[in-house]
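Me: Could you take me through one helix of this protein in close detail, and then show me how it fits into the rest? I am in my first year, so please go step by step.
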Amino acid sequence: MNKEIYFYYSLIAVLYPLVKVICYINGLVYLHGVVYGLIAGVSTISVGILALKEYDGANKPVWHWLAALIPLIVIPLTPIIMILHLGLRTFLMEKMTIFMIFEGIAVAQFILAILMFRGLIFKRGTDKQKMPGIGFAIMKTVLTLRSLFKKPERTLREMGLQKGQTLLDYGCGIGSFCIPAAKMVGDDGVVYALDIHPLAIRTIERKIKKRKIANIKTILSDRETGLPDESVDVVLLYDVLQMVSDKDKLLDELHRVLKSGGILFATAEHLDLNEFMNIFAKEKLFTLAEQRGEVFRFKRD
Ligand SMILES: C[S@@+](CC[C@H](N)C(=O)[O-])C[C@H]1O[C@@H](n2cnc3c(N)ncnc32)[C@H](O)[C@@H]1O
């Protein structure tokens, strides 16, 4: 779905001037409206195409920024231009409908630009290119919204997390999973919340303090956990693997810390399913035991 968003973005970019031309033919907009639509359309389609190139690994997401910025400028500019040109006639029903159509297109394009950013941020090998603070803030918003639809507690329950277990939440982000998991493993259990990003660790530590949670230990790392061999019952790799650049070495480390017969849960988000399966097949350290929804359960060999 990630790359398809670029297609939808570009489609709307083409639609924008096209709708303007249709409206012009029907006498609903003036010529300057068509010119304005063409400028907006051509510039957004260009940045959309360039942003897609960035998706596969450029360092600075300049085109993604522009892809969001142009519709963001268009949103207030459309009413300004209409009011300047038509004055109060803008608020006549017929003009208002046209206005709403163009505003709708610009808003849709802005939302798609944010989704394009999401794909980029979540996909990056962040251990090679540190996610900037603003990227982390966007990720934080997306993860918070995600929790409203996909309840982490439900996923944890389906995973069968037990009291007294030790869980390693690898790439814990803002703690969507490790916070409820701490309650589920209880006082006799431990949750290790590991992340590469200092802002993630800071967020978790703030939550731990606020909620007076005693059984979460944070680890700031890009791979090495610092945990003893065979000390963990369950590892959770939720929406993380795609971001890790050296996946083989990570699996070695997770295999080392998992107890014999321990379980690794992983999701294949932002990865092609074959690519995801090959990562595990290549290392031969884990065997797929079950897939439930988007969560794959692997047994440590
Ligand atoms: C998309 S978020 C998912 C967070 C969490 N698992 C969740 O689903 O709520 C991915 C997290 O993995 C972290 N991450 C990326 N590469 C990492 C690495 N090599 N080692 C540890 N954490 C990493 C990112 O900083 C980010 O917080």
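Reply: Happy to! Let's start with a term we need: a residue counts as exposed if 12 or fewer other C-beta atoms lie within 10 Å of its own, and as buried if 20 or more do. Please keep in mind that this is a predicted model.

The helix to look at is H6, which runs over residues 152–159. Which residues of H6 are buried? They are Thr 155, Leu 156 and Met 159. These three cover an arc of only 100° around the axis, which puts them on the same side of H6. A general point about helices helps here: an α-helix has 3.6 residues a turn, so residues three or four places apart point the same way. Now turn to the face of H6 that looks away from the buried side: there you find the exposed residues Arg 154 and Arg 157.

What do the buried residues of H6 pack against? Their partners are helix H7 (178–185) and two strands, E5 (258–267) and E7 (295–300). After H6 comes Gly 160, and its phi is positive, near 75°.

Next, let's place H6 in the wider picture. The protein has 10 helices and seven strands, and its C-alpha trace spans about 75 × 40 × 30 Å along the principal axes. Of its 301 residues, 38% are buried. Among contacts with a separation of 6 or more, 70% are between residues 24 or more positions apart.

The protein is divided into domain 1 (2–123) and domain 2 (151–300), and the residue range of H6, 152–159, falls in the second of these. The centres of the two domains, taken over C-alpha atoms, are separated by 40 Å. Where they touch, four residues of domain 1 are in contact with four residues of domain 2. On the domain 1 side, helix H4 (residues 93–123) gives the most, with three residues. That side divides into one nonpolar, two polar and one charged residue.

H4 is also where you find Ile 114. With 15 C-beta neighbours inside 10 Å, Ile 114 counts as partly exposed. From Ile 114 to Leu 271 there are 157 residues in sequence, and their C-alpha atoms are 19 Å apart in space.

For another residue to look at, try Val 191 in strand E2 (residues 190–195). Is Val 191 buried or exposed? Val 191 is buried, with 30 other C-beta atoms within 10 Å. Leaving aside neighbours within four places in sequence, its contacts include Cys 178, Ala 181, Ala 182 and Val 185. Those numbers lie within 178–185, the range of helix H7, which you have already met as a packing partner of the buried residues of H6. Val 191 also touches Leu 167, Asp 169, Asn 215 and Ile 216. Trp 63, by contrast, is 128 residues from Val 191 in sequence and 39 Å away in space, C-alpha to C-alpha.

Finally, here is a pair of helices to set beside H6. Two packed helices are described by the angle between their axes and the distance between the axes. The axes of H1 (residues 2–25) and H2 (residues 31–55) come within 8 Å and cross at roughly 170°. H1 and H2 are therefore roughly antiparallel to each other. The residues of their contact divide into 17 nonpolar, six polar and two charged.

Technical notes. Residues numbered from 1 in each chain as written. Predicted model: local features only at pLDDT ≥ 70, side-chain atom pairs only at ≥ 80, totals over all residues. Helix = DSSP H or I, 4+ residues; strand = E, 2+ residues; numbered from the N terminus. Arc of directions from axis to C-beta. Contact = placed C-beta atoms within 7 Å. Domains from an automatic or database assignment. Nonpolar A, V, L, I, M, F, W, Y, C, P; charged D, E, K, R; others polar. Axes fitted to C-alpha atoms, helices over the stretch in contact; angles between N-to-C directions. Parallel < 35°, antiparallel > 145°, perpendicular 65-115°, else oblique.
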